[in-house]
Amino acid sequence: MLAPHIPFFHGIKLHFQDSKGNPIRTVEANEGDDVLAVAHEYDIDLEGACEGSVACSTCHVILSEEVYDKLPEPEDDENDMLDMAFGLTDTSRLGCQVKLTKDLDGMTVTLPAATRNMFVDAIPPVAFGLATAQALEFISSFELILSF
């Protein structure tokens with residue numbers, strides 16, 4: 001006698017890659033999860049400083065045009081944060097706002113070369129132990145920006 005059919009769980013597969021297209025890791029997640037939470041679950045280096053409250057751009061990811069077009073349009077608050085993202089592209093999204101659906105199975109998520117964390121990046125480099133000359137150069141450029 002055959003055992004009753006038990007459906008086997010197949011998660012939604014995501015491929016993470018760095019800004020140069022080098023694979024980082026392929027993972028499986030559940031429908032409804034967001035890209036930021038999945039990255040954290042699998043120790044993928046996607047910051048998420050505001051913990052998904054759409055108050056920063058540190059979970060900025062780059063998607064293919066095909067995947068981007070499957071997503072709902074970004075809300076105004078997401079667009080405001082994306083405006084501050086390093087390396088913004090036409091297919092950039094905040095990872096915390098990309099909810100997984102079966103349509104996204106097999107998607108590739110590209111991490112940008114850098115992130116911009118306004119809470120940390122606004123602190124002069126001296127606080128992080130950089131050389132005094134670098135700190136003075138940073139402060140001078142920061143003052144120049146503020147003078148406009």
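1. Accessible area here comes from the Shrake-Rupley method with a 1.4 Å probe. With that in hand, you can put a figure on the surface: the protein exposes about 9600 Å², and carbon and sulfur atoms supply 55% of that area. Keep in mind as you read on that this is a predicted model.

2. Now the overall layout. You should be able to pick out five helices and five strands. If you walk along the sequence, they come in the pattern β-β-α-β-α-α-β-β-α-α. The protein has 148 residues, and 33% of them are buried. Take the contacts with a separation of 6 or more: residues 24 or more positions apart account for 60% of these.

3. Let's zoom in on Glu-78. It sits in helix α3, which covers residues 76–82. Is Glu-78 buried or exposed? Its relative accessibility is 2%, so Glu-78 counts as buried, given that the cut-off for buried is under 20%. What does its side chain meet in there? A polar atom of the Glu-78 side chain lies 2.9 Å from the backbone nitrogen of Leu-94. If you set aside the neighbours within four places in sequence, Glu-78 is in contact with Val-54, Arg-93, Leu-94 and Gln-97.

4. One of those partners, Val-54, deserves its own paragraph. Val-54 and Glu-78 are 24 residues apart in sequence, while their C-alpha atoms are 6.2 Å apart in space. Val-54 belongs to the loop between α1 and β3. Although it is in a loop, Val-54 is buried, with a relative accessible area of 13%. Look at its backbone too: Val-54 has a positive phi of about 55 degrees, although it is not a glycine. Why point that out? Most residues other than glycine have a negative phi.

5. Glu-51 is another residue to check for its backbone. Its phi is near 60 degrees, again a positive value in a residue other than glycine. Glu-51 also lies in the loop between α1 and β3. How much of Glu-51 is accessible? The relative accessible area is 74%, so Glu-51 is exposed, whereas Val-54 is buried.

6. Next, have a look at His-60, which you'll find in strand β3. At 1% relative accessibility, His-60 counts as buried. Its side chain makes a polar contact with the side chain of Ser-92, at 2.7 Å. Beyond its neighbours within four places in sequence, His-60 has a list of contacts that includes Leu-46, Phe-86, Leu-88, Ser-92, Arg-93, Leu-94 and Pro-112. Arg-93 and Leu-94 should ring a bell, as Glu-78 is in contact with them too.

7. On to the empty space. Rolling a probe the size of a water molecule over the atoms shows where such space is left. The largest pocket holds about 170 Å³. Which residues line the largest pocket? Among them are Asp-18, Ser-19, Asp-45, Leu-46, Glu-47, Thr-58 and His-60, along with Leu-111, Pro-112 and Thr-115. By type, the lining divides into five nonpolar, four polar and three charged residues. So His-60 turns up in this lining even though it counts as buried, at 1% relative accessibility.

8. Glu-47 is another of the lining residues. You'll find Glu-47 in the loop between α1 (35–41) and β3 (60–63). Glu-47 is partly exposed, because its relative accessible area is 34%, between the cut-offs of 20% and 50%. Where is Thr-115 relative to Glu-47? The two are 68 residues apart in sequence and 8.3 Å apart in space, C-alpha to C-alpha. Thr-115 lines the largest pocket as well.

9. Last stop: Glu-73, in the loop between α2 (65–70) and α3. Glu-73 counts as exposed, at 64% relative accessibility. Its C-alpha atom is separated by 9.8 Å from that of Arg-93, and the two residues are 20 apart along the chain. Arg-93 is the residue listed above among the contacts of Glu-78 and of His-60.

Technical notes: Residues are numbered from 1 along each chain as its sequence is written. This is a predicted model: local features need pLDDT of at least 70, side-chain atom pairs count only at pLDDT 80 or more; totals for chains, interfaces and linings use all residues. Side-chain values use heavy atoms; hydrogens and water are left out. Helices (H or I, at least four residues) and strands (E, at least two) are DSSP runs, numbered from the N terminus. Buried means under 20% relative accessible area, exposed over 50%, partly exposed in between (1.4 Å probe, protein chains only). Contact means heavy atoms within 4.5 Å. A polar contact is a pair of N or O atoms within 3.5 Å; within protein, one must be able to donate a hydrogen and the other to accept it, and residues adjacent in sequence count only if both atoms are side-chain atoms. On a 1 Å grid over the protein atoms alone, a cavity is a set of points where a 1.4 Å probe fits but cannot get out, and a pocket is an open set with protein on both sides within 12 Å along at least five of seven lines; lining residues have an atom within 4 Å of a point. Grid points are joined across faces, edges and corners, and a volume is the space filled by probe spheres set on the points. Ala, Val, Leu, Ile, Met, Phe, Trp, Tyr, Cys and Pro count as nonpolar, Asp, Glu, Lys and Arg as charged, and the others, Gly among them, as polar.
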